[in-house]
Amino acid sequence: MSDAPHETTPTPPRLAVEGLTVAFGGLRALDGVGFEVADGEIVALIGPNGAGKTTVFNAISGLVRPRAGTIRIGGRPAPASTTRLLRRGVSRTLQGLGLYAGMTVLEQVLVPLAGVRAARGSERERAMTMLAELGMDADAHRPADALPYPERKRVALARALVTRPSLLLLDEPAGGLGGADMAQLAEAVRRVSAGGCAVLLVEHHVDFVMGLADRVVVLDFGRVIASGAPAEVQRDPAVEAAYLGVPPTPGPPTSGTAAPGTPTPETPAPGTAVRA
Ligand SMILES: Nc1ncnc2c1ncn2[C@@H]1O[C@H](COP(=O)(O)OP(=O)(O)OP(=O)(O)O)[C@@H](O)[C@H]1O
Ligand SMILES: [Mg+2]
């Protein structure tokens, strides 16, 4: 054995965002945003409507071109195409549902594995295993459109998880869900993170976020105004003034605490990317 000091290269974070600036015409939707998510970590991105949360996801996914800043995934620049992002282990759910019209539950979940070609047996098996993990296997052959909203949300989650991502971006996964469905969602997210996946979570349900996230990053008008442990961020006066202190407006018929302006499934927020 050598006495030479053991040199270790630090593992780069799964996601590192630095100086991210996105403008839509004259509107600066993001202004120098920076944060990191490590493997196995759950980081929540919170903030009022229009703060820029979905725009962060769209920039990471290559759907909007940043004016400045860098996005690195596992230490390397993020690719801009969806296929290459999937290959790099990045998966995302959309604000709202973003399910494809006219497909069965199983077909929805097969899309990231097989695209438009006929799925192989092994891919069908993998999709069915994923559906079973989320308690959805009995619905596999039903049209997804026919399912109640919480089940359709779970199909969207299954579609994001079926590729076994190493970075998972969840945009308001609990939107429109009640208490039992939220608890099941939290359990699924914890399971994925325990397997080493980095999770970036955008959510307005404060109790859900504070109970699930290891760290919270708060955006307001496109800037990070606070970040830290959930309890720390909750006590931050700037966060209280910008977001948490505002009394909730009546939202969708769900239980749990929702921060103001929580969009309902029927009224997606502006800027929501819709795939189908
Ligand atoms: N494609 C776009 N073109 C022009 N403006 C946009 C576009 N996408 C988003 N915006 C604007 O950028 C700002 C940030 O929007 P974004 O959707 O990122 O907010 P958010 O934090 O996700 O809000 P919410 O909580 O309501 O979903 C908003 O003012 C929004 O209107
Ligand atoms: Mg949004």
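**View 1. Helix 5 lies across two strands, strand 6 and strand 7.** Helix 5 (residues 149-161) runs at about 170 degrees to strand 6. Angles run from 0 to 180 degrees between N-to-C directions, and axes are lines fitted to C-alpha atoms, for helices over the stretch in contact. Helices (H or I, at least four residues) and strands (E, at least two) are DSSP runs, numbered from the N terminus. The model is predicted: local features need pLDDT of at least 70, side-chain atom pairs count only at pLDDT 80 or more, and totals for chains, interfaces and linings use all residues. Residues are numbered from 1 along each chain as its sequence is written, while chains are lettered from A and ligands numbered from 1 in the order in which they are written.

**View 2. Six strands form an open sheet with mixed pairing.** The strand order is 6-7-8-3-9-10. Strand 6 (90-93) and strand 10 (223-228) stand at the edges, each with a single partner strand, so one side of each has no neighbour in the sheet. Neighbouring strands of this sheet are turned by 15 degrees against each other on average, direction ignored. Helix 1 (residues 53-60) packs on the sheet. This helix touches strand 3, strand 6, strand 7 (167-171), strand 8 (198-202) and strand 9. Its direction makes about 145 degrees with that of strand 7.

**View 3. Strand 3 runs parallel to strand 9.** Four bridges join strand 3 (residues 42-46) to strand 9 (residues 215-220). Two strands pair if DSSP finds at least two bridges between them. L45 stands opposite V217 in strand 9. Strands of a sheet pair through backbone hydrogen bonds, either parallel or antiparallel.

**View 4. Helix 3 meets helix 5.** The axes of helix 3 (residues 105-114) and helix 5 come within 7 Å and cross at roughly 30 degrees. The two helices are therefore roughly parallel to each other. Angles under 35 degrees count as roughly parallel, over 145 as roughly antiparallel, 65 to 115 as roughly perpendicular and the rest as oblique. The crossing is right-handed; that is, the near helix is turned clockwise from the far one by less than a right angle, whereas anticlockwise would be left-handed. From helix 3, V105, Q108, V109, V111 and P112 meet V155, A158 and R159 of helix 5. Residues are in contact if their C-beta atoms, placed from the backbone, lie within 7 Å. By class, this contact has six nonpolar, one polar and one charged residues. Ala, Val, Leu, Ile, Met, Phe, Trp, Tyr, Cys and Pro count as nonpolar, Asp, Glu, Lys and Arg as charged, and the others, Gly among them, as polar.

**View 5. Helix 3 packs with helix 4.** Helix 4 spans residues 121-133. The angle is about 125 degrees, and the axes are 9 Å apart. That makes helix 3 oblique to helix 4. Their crossing is right-handed. V105, L106, V109, L110, L113 and A114 in helix 3 meet E123, R124, R126, A127, M130 and L131 in helix 4. The contact has nine nonpolar, no polar and three charged residues.

**View 6. Four strands make an open antiparallel sheet.** The order is 2-1-4-5. Strand 2 and strand 5 (76-77) stand at the edges, each with a single partner strand, so one side of each is left without a neighbour in the sheet. Strand 1 (residues 15-24) and strand 2 (residues 27-37) pair over seven bridges. V17 has F35 as its bridge partner in strand 2, and L15 stands opposite V37. The hairpin of these strands has two residues between them, and G25 takes a positive phi near 60 degrees. Five bridges join strand 1 to strand 4 (residues 68-73). There, the bridge partner of A16 is R72.
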